Amino acid sequence: MPGLNGLLKKGLGEMGFNADGGAINWFPGHMAAATRAILHRLKLSDLVIEVRDARIPLSSANSHLQPNLSGKRRVVALNKKDLANPNIMHKWVHYFETCKQDCIPINAHSKSSVTKLLELVEFKLKEVISREPTLLVMVVGVPNVGKSALINSIHRIAQSRFPVQEKMKRAAVGPLPGVTQDIAGFKIAHQPSIYVLDTPGVLVPSISDIETGLKLALAGSVKDSVVGEERIAQYLLAVLNTRGTPLHWKHLNNRRIDGIEYEAKENHEYNLKNLKRKRRNQPSRSDLVYVEDLVMEVQRALYLTLTEFNGNVEDESDLENLIDQQFDALQKAMKIPHKASEARLMVSKKFLTLFRTGKLGPFILDDVPDAKPVS
C-alpha cells in the first residue's frame with residue numbers, strides 16, 4: 001500500500017514512539033516499574049494468559065516480554081472477538097496453531113467464552129496439578145485489551161465453581177488504558193489453590209514501527225492525548241480507503257435495525273459515550289435509532305467520497321486529499337456546525353467512537369503473516 005506507507009512517513013509519521021519522550025512521552029514511569037515487577041513474577045508463574053486485542057493480534061503483543069513468555073506455558077487470548085472480523089479470525093487461530101502456540105478468541109464479557117478459556121488453562125495445567133499444591137496463573141497484556149474485564153469474569157465463574165474461601169476483590173475496569181496500575185493476586189480455586197495475578201497493561205519502551213503504534217492508538221492501548229485524535233482518525237480513514245472498505249457499504253445505506261421504530265422526529269442529542277460498556281443507563285430505543293442513522297450517514301459519506309474520487313488511493317498526495325474531503329463530508333454527516341471551533345477534532349472523536357464500539361463493522365487491522373514462530 002504505497003499511499004498508506006507514504007502518508008505514514010509524511011503526516012502521520014511525525015511522532016516519536018519512544019521512552020525518551022521528545023514531543024511525545026508515552027511510556028509513563030509506572031509502566032517501567034510494572035514491567036520490572038511483571039518480569040520478576042513471570043519466573044514464579046505456572047502459566048501465562050497473554051491477552052491481546054483480536055483486531056491487532058500481533059501489534060498488541062508486548063515484544064519486550066516475548067522472550068520471557070516463550071519459555072512459559074502460555075495461552076494467547078484474542079479478546080474483543082466480537083469486534084473482529086470473523087471471516088479472518090479463523091486464519092489467525094490457524095496461524096498460531098502452526099506456530100505451536102495455544103490460542104483462543106474470547107469475549108471477556110461472555111461467561112461461555114471465558115469458561116472455554118478456563119477449560120484450556122486447566123488442561124494445560126494438568127501435568128502441574130499432580131505435583132504442585134499451589135499454582136500461579138498470570139494475566140498479562142498491553143493496556144486496554146480487556147485484562148481486568150477477563151479477571152472479573154473469571155471471578156464470577158470461580159465463585160460458582162470452586163469453594164473459594166477469601167472474598168475476592170473485583171478488578172477495576174475502565175475505557176482508558178492504564179486503569180490497573182499495580183499487581184494484585186486473586187485466589188480463584190481451592191484444592192489445588194490457584195491464584196490469578198492481574199497485572200497493569202504495559203507497553204514496550206519504544207516502537208520502531210509507526211504503523212504498529214498507530215494501530216495500538218486506534219485500538220485504545222495508547223491514550224488519545226498522546227497521539228492525537230485527528231491523527232488516529234486520519235490513519236483509520238487511510239486504512240479504510242486503501243482497503244476499499246466503504247465500497248462494501250453500498251448495500252447498507254437503506255438498512256434499519258430490526259424491530260426498532262422511530263419514537264421521535266426531533267433532533268436527538270445522544271452522547272456517543274453511552275455506547276461504551278458498563279454504562280448504568282442503557283441506550284433507549286430512540287437512542288439506538290439515532291446511532292443507527294448516524295452510522296448510515298457516516299458510511300454513506302465515506303462511500304460517496306470514495307466512489308466520486310478521481311485520484312489514486314495508492315498515491316500519497318491523492319490519498320491525503322481524499323481524507324481531507326472525507327473530513328468535510330463527515331462533519332456534514334455528523335451535523336457538526338461548520339463554524340464550530342475544533343470541528344475536525346469533534347469529527348475525529350465521534351468517528352473513533354463508532355469504530356471502537358464496532359458500529360462501523362468488525363475489523364482486523366493486522367495482516368496474517370506466513371506461518372513462522374510467534375515473536
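**Figure 1. Salt bridge between D366 and K215 in the predicted model.** D366 is buried, with a relative accessible area of 6%. Its salt-bridge partner is K215, and the closest N and O atoms of the pair are 2.8 Å apart. D366 belongs to the segment after α12 (343–356) and K215 to helix α7 (residues 210–219), so the pair ties together parts that are 151 residues apart in sequence. K215 also counts as buried, at 10% relative accessibility. The cut-off for buried is under 20% relative accessible area. The structure holds nine salt bridges, among them this one.

**Figure 2. Salt bridges of E50, R52 and R74.** E50, R52 and R74 are joined into one network by salt bridges that share partners. Between R52 and E50, the closest N and O atoms are 3.1 Å apart. R52 is buried, with a relative accessible area of 0%. E50 counts as buried as well, at 2% relative accessibility. Side chains of opposite charge can pair when their charged atoms come close.

**Figure 3. Salt bridge between D53 and R55.** The side chains of D53 and R55 meet with an N to O distance of 2.8 Å. D53 has a relative accessible area of 0% and is buried. R55, at a relative accessible area of 4%, is buried too.

**Figure 4. Strand β1 (residues 47–53) and its surroundings.** Seven of the seven residues of β1 are buried, so the strand is largely enclosed by the rest of the structure. In a regular strand the side chains alternate between the two faces of the sheet. In β1, L47, I49, V51 and D53 point one way. V48, E50 and R52 point the other way. The residues of both sets are buried.

**Figure 5. Strand pairing of β1 with β2 and β4.** β1 and strand β4 (residues 134–140) pair in the parallel sense, over four bridges. L47 of β1 has V137 as its bridge partner in β4. β1 is also joined to strand β2 (residues 74–79) by six bridges, and these two strands run parallel. Within β2, V75 is the bridge partner of I49.

**Figure 6. Contacts of K147 in helix α6 (residues 147–161).** K147 is placed in helix α6. At 6% relative accessibility, K147 counts as buried. With neighbours within four places in sequence left aside, the contacts of K147 include V51, V139, V140, G141 and V142. K147 is also in contact with D198, T199, P200 and G201. V51 is a residue of β1 that is itself buried.

**Figure 7. Helix α9 (residues 229–243) and the glycine after it.** The 15 residues of α9 should span 21 Å at 1.5 Å a residue; the end C-alpha atoms are 21 Å apart, which agrees. Eleven of the 15 residues are buried, so α9 is largely enclosed by the rest of the structure. Among the buried residues are E229, I232, A233, Y235, L236 and L237. A238, V239, L240, N241 and T242 are buried as well. An α-helix has 3.6 residues a turn, so residues three or four places apart point the same way. G244 follows α9 and has a positive phi, near 70 degrees.

**Figure 8. Positive phi at K80 and K335.** K80 is not a glycine, yet its phi is positive, at about 65 degrees. K80 sits in the loop between β2 and α4 (86–98). K80 is buried, with a relative accessible area of 17%. K335, likewise not a glycine, has a positive phi of about 60 degrees. The place of K335 is the loop between α11 (316–333) and α12. K335 is exposed, with a relative accessible area of 65%.

**Figure 9. Polar atoms of Q66 and N62.** Q66 is found in helix α3 (residues 66–69). A polar atom of the Q66 side chain lies 3.1 Å from the backbone oxygen of N62. Q66 is buried, with a relative accessible area of 6%.

Conventions
Residues are numbered from 1 along each chain as its sequence is written. This is a predicted model: local features need pLDDT of at least 70, side-chain atom pairs count only at pLDDT 80 or more; totals for chains, interfaces and linings use all residues. Side-chain values use heavy atoms; hydrogens and water are left out. Buried means under 20% relative accessible area, exposed over 50%, partly exposed in between (1.4 Å probe, protein chains only). Two strands pair if DSSP finds at least two bridges between them. A salt bridge is a side-chain nitrogen of Lys or Arg within 4 Å of a carboxyl oxygen of Asp or Glu. A polar contact is a pair of N or O atoms within 3.5 Å; within protein, one must be able to donate a hydrogen and the other to accept it, and residues adjacent in sequence count only if both atoms are side-chain atoms. The expected span of a helix is 1.5 Å times one less than its number of residues. Contact means heavy atoms within 4.5 Å.
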